[in-house]
Structures are given as structure tokens and as C-alpha cells.
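Student: Could we go through this model together, taking each descriptive term back to the rule behind it?

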Amino acid sequence: MNQTTRRTCYACGATHDTTAARCDCGEPLWIATPTDGFWDDWPAGGPDSMWRYRDLLAVDPPTGLAGAAGGTPLVRTPPLDHGGVRVHVKYEGANPTGSFKDRGSAVGVAAALDDGAPAVGTVSHGNMARSVAAHAASTSTPAVVLVPADIPESRLAPIARYGPTVLRVDGDYGRLYDRSLELGADLGVPFLNSDVPLRVEGQKTLAYEVCETFAPEVPDAVILPVSSGGNASAVWKGLRDLEGAGRIDRLPRLYFVQTAACAPIAEAFDRGDDAVERVERVGETIAYSIANADPPSGTRALAAARDTGGAVLAVDDDAIRTAQRRLAREAGLAVEPAGATPLAALSQLRETGNVEEGEDVVLVGTGTEVAGGEVAPEDVAIVGMDGLRERVEDLLASE
Ligand SMILES: *Cc1c(COP(=O)(O)O)cnc(C)c1O
Ligand SMILES: [Zn+2]
């Protein structure tokens, strides 16, 4: 048995010895971070991956892809500085399947192997599905991925390539989150859904890495996209661990960004509510990875934003498109639309005085575009061999 069953509740403070995802109070649990013998060695050193923090993870890494998760670069991006704010991008696209989900999948699959689970599962038709399928494949663990029945083939192929059992489920996809956890508990198959304790546990290493890179300073703010609230909770947990161990003396403010088409957490924040309510209508958005209308860790994300003095905000598709283009053209970083939302939010935050001149702000840039994207005709040209020299000379002359 691994040490992942001691769990605590951020909301009511209870401690449980359980494999359940939720506390009696209804809020999600997180795994109690082991505290022995690690913190004296901060900054940590060790392998260039999330496993430099293995003493804080309650599981050992399995051989295979897990060893490649995390250890992503923090890139200083001066062209993206805004109103005197210094911008850094934590490039999570450098993870094995292109998103921070790999950190959570690595820990989830490690724990499943420790426990002798016959398989792992997840409910996702995007980055999480690809990540779980890849980590399962690399440890010869069967995986089952539940996707909506009407998933387009273009989104199915990137998941199916890793060989999981993909089930296209006919019915209310929103209800599958709970149904899969029940089914998984019955069958002993861990479902590594968006905000389950094992996933959150792995993804907290994102916060450790950011703080370690800045040590002994602390960045003023971290901005990240939010959908289920799982990753927001993970980053908050990582920061709380560091503060609890006396390794940082203040928490960066956490700003979470949603797409305006589906923003239940931002709306609850604006209203000053204590809990996030499901929104009924979801509009079209290019930021398909962050359109959860009923975020299971929404209320926890709300608490994280408030606790750190941050906020939750929404940005529209035009702003996301512009930010995505700027990240590629001014920083050389390709991210999917959801991964561009933090940059889209930065100007809003600067204008409202949430972030100030002279501050260091970290944007979590995640989700590499594996395929797709748009090319405007004026961005590319066809030229014959004869015209080549002239075109290059034109380019030099225009600089
Ligand atoms: C999963 C994901 C998110 C949202 O994370 P949550 O933990 O569900 O809030 C945001 N951006 C990308 C690229 C993702 O893959
Ligand atoms: Zn509780």
C-alpha cells in the first residue's frame, strides 16, 4: 500500500484515512504531503523532472514516461512585458504529452501500480485523455478513456494512438465524472479525473518548480487557465506546502482565467459567492480545454484565489487569439488557445491595478498544439527558385 490514503480537507480541516476523493463536508480532499527530511535541502537539486520532489509525493516513480514529466523550463519573455510587469512563462508544453496533466498522470499511474490496480481510467476527450493513455501505455497498464459519443475523429485519433480502450459514451457527459468514480471504486480501477487527489498531488510540483527557480525570491503572481479547478488547487497546495515548511515567506497571488463562454468560477468570484454553481448555457469557444460548466473543484479554486489575494477572471475568444499569436510570434512558444488565456488576462489585470509595475508574473503556458491552427494567406507566399534571392534581400532590407 502506498501512502496516498492520508487525506486532508482544505475547507473544514478534517483528516481522513481514505481512498475517497471527497470529504464528508462535500469538498475535495487532498493527500497529506509527507514532511520528513526533505525541506532542509531546499532548493532541491536532483533530477531534472518532478521526481526531484519524490520525498514529497508519497509514491515512487515507475520506470517509463513518468520520469520525463515536469522539470519544464521557466522562460523569461521580455517582448511580452506589459506596463512595467516582467513576464515569465512556465512552459508546460515541454511535458511528454504537452500539458501539465502529465504530472498528475505520472503520480496517478504510479499509485495504481503500487496498489496492483488492474487498469486506470479517465473521463476526458482532450489533454488528460492523451496523458493518461500515454502513461498507462509506458507501464503496460490497461487504460479506459470515456469520451462523448459525438467526438470528432480529429480529436479521437490523438487519444487512440496510445492504444487505450476508448468508450464513446452516449448520454449526459457531465454526469460521467461522478459515475466513473463510483464505478472505479467498485472495480478497483482508479479514475484519474481532473481534480482527484492523486492528480492534484502530481500537479502541485508545478508550484514547487516555479518557486525553486525564483528562490530565494517569490514571484508576485502566477496566472493560469482554469476549468475543473484541479490544477488551480494543485498549485495552491504546492504553495501552501512551501509556506508551511518556511521555504517561502509569502504566497504569490493566484489569478485564474476562464473563457467568457463558460465562466462559472469567475462569475462566482464577481458575485462574492462562497460556492461555485453549475452554469447551464455554454457558448462556443476556441478554448475547448477550459469549458467545464460544473467544475468539481470550482469552490476550492475560488478559495485559492481569495486566500492568496488573487482573482478569477474571464477573457473572450478575440483576446485569446491575439494572445496565442503573440506567444508564438514574440516568444516562440506554441500553445493551444486555453494556454494563451493567462497572457490574454495580463493586460486586464494590469489595467485594473491587480498587477503593478516592477512585479514578476509567471504565466502557465500549457497545451502544445499537436495539430491544427490557422494560417492566414498573407502569412505564407509561394515563390519560384528565381525569385528566392530577391525575397530574402527584401526581408533583410525591411529589418
Ligand atoms: C486541463 C487543462 C486546463 C484546465 O485544468 P483544470 O485542472 O481542469 O482546471 C487548462 N489548460 C489546459 C491546456 C489543460 O489541458
Ligand atoms: Zn471537509
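**The zinc site and the largest pocket**

Tutor: Cys 9 (SG), Cys 12 (SG), Cys 23 (SG) and Cys 25 (SG) are the protein donors of the zinc ion (ligand 2), lying 2.3 to 2.4 Å from it, where donors are N, O and S atoms within 2.8 Å of the metal (3.2 Å for Na, K and Ca), water not being among the atoms. This is a predicted model, in which local features need pLDDT of at least 70 and side-chain atom pairs count only at pLDDT 80 or more, whereas totals for chains, interfaces and linings use all residues. Residues are numbered from 1 along each chain as its sequence is written, and side-chain values use heavy atoms, with hydrogens and water left out.

Student: Why is the site of the zinc ion (ligand 2) called tetrahedral?

Tutor: Four donors count as tetrahedral if all angles lie between 85 and 135 degrees; the angles among the four donor atoms here are 103 to 122 degrees, and the site is tetrahedral.

Student: What makes Cys 23 buried and Cys 12 partly exposed?

Tutor: Buried means under 20% relative accessible area, exposed over 50%, and partly exposed in between (1.4 Å probe, protein chains only). Cys 23 has 7%, so it is buried, while Cys 12, at 46%, therefore counts as partly exposed.

Student: How do you know how the lining of the largest pocket divides by class?

Tutor: Ala, Val, Leu, Ile, Met, Phe, Trp, Tyr, Cys and Pro count as nonpolar, Asp, Glu, Lys and Arg as charged, and the others, Gly among them, as polar; on that rule the lining has 17 nonpolar, 20 polar and 11 charged residues.

Definitions and conventions. Chains are lettered from A and ligands numbered from 1 in the order in which they are written. Four donors count as tetrahedral if all angles lie between 85 and 135 degrees; four count as square planar and six as octahedral if opposite donors are over 155 degrees apart and all others between 65 and 115; anything else is irregular.
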